[in-house]
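Me: I would like to go through this structure with you, asking at each step what justifies the words used to describe it.

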Amino acid sequence: MTSPSATLAYQQLRESILGVDLLPGEVLTEARLGERLQTSRTTVRGALARLENEGLIRKTGRSFIVAPIDLREIEEAFAFRSVLEVGALRLAFPTVTPERLAWVRDRASEFGDDTSIGDHMDRATRFHVDLAGLSGNRLIVRSLEDVLLRLARARWLEARGEGGLARSHADHLHLLDLIAARQEDAAATHLHAHIQRSCSRLVQALRDDRRGLGLRGLAVHT
């Protein structure tokens, strides 16, 4: 069982990586992180193991680095998402009930101006997983959970952009309206476009490199 201190260390480090307070390519050592978090190396070690499993850090010799941001990998992951989610949506259409759709809508409507970016991202992730779950295909759901985990930092960066959270939330609700109206093709088109817009906004922001991420750990393939 994971101790409360290890869980807190993991959450603090994860938020620092997702928020780019710890930059891509930055070297992480147990000693330095222990001082930063005021905790033991054993606790830090447990947190690092979880972050490595999520793909947010990588082992290099005796230390770790914050995983680089690879634009090609991001574009491929978003394309994979689109295939998974649109396929799951079409699988769900013959059997989805108004009750199940209302359940997804209720959970998607938990949205407020005072909610943190982290909470917003958790809810956005939950929405996409809930939607895929309507298909009844557990392998699709597990695959989507994995790719969303791998995209967590990229999606966090996109959400920090002006209007990103509100725009995404409006997209979600409109998609549910299309499903409720039994407009399968329109819903599939809207979901694909929603995912592509998110990808395009993020990739363009990283290519512009306004935060100076290109200095360390930003891989741009031509």
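Me: How many helices and strands are there in the protein?

Reply: In this predicted model the protein has 10 helices and 5 strands.

Me: How do you know which of its elements has the lowest mean pLDDT and which the highest?

Reply: On a scale of confidence that runs from 0 to 100, strand 5 (residues 218–219) has the lowest mean among the elements, 53, whereas helix 4 (residues 71–92) has the highest, 94. For the protein as a whole the mean pLDDT is 84, and 84% of the residues reach 70 or more.

Me: What makes T43, V44, A47, L48 and L51 in helix 3 buried?

Reply: Buried means under 20% relative accessible area, and T43, V44, A47, L48 and L51 of helix 3 are classed as buried, so each of them falls under that cut-off. They cover an arc of only 135° around the axis, which puts them on the same side of helix 3. In general, an α-helix has 3.6 residues a turn, so residues three or four places apart point the same way. The face of helix 3 turned away from the buried side carries T42 and N53, which are exposed, a word that requires over 50% relative accessible area.

Me: How does the reach of helix 3 compare with the span expected at 1.5 Å a residue?

Reply: Helix 3 (residues 41–53) has 13 residues, and the expected span is 1.5 Å times one less than that number. The expected value is 18 Å, and the reach from the first C-alpha to the last is 18 Å, close to that expectation. After helix 3 comes G55, whose phi is positive, near 80°.

Me: Why is the set that includes I74, L131, L176 and I179 called a nonpolar core?

Reply: The term asks for buried residues of listed types, Leu and Ile included, joined through side-chain atoms within 4.5 Å; I74, L131, L176 and I179 belong to such a set, the largest in the protein, with 39 residues, and they are the ones with the most contacts inside it. Helix 4 gives the most to this core, with 9 residues. Apart from this core lies another, of 20 residues, among them L22, L28, L37 and W156.

Me: Which residues is I74 in contact with, leaving aside neighbours within four places in sequence?

Reply: With that exclusion, I74 is in contact with I69, L151, A154, L202, V203 and L206, where contact requires heavy atoms within 4.5 Å.

Note on methods: Residues are numbered from 1 along each chain as its sequence is written. Side-chain values use heavy atoms; hydrogens and water are left out. Helices (H or I, at least four residues) and strands (E, at least two) are DSSP runs, numbered from the N terminus. Buried means under 20% relative accessible area, exposed over 50%, partly exposed in between (1.4 Å probe, protein chains only). The arc is that of the directions from the helix axis to the C-beta atoms. pLDDT is the predictor's confidence in each residue, from 0 to 100.
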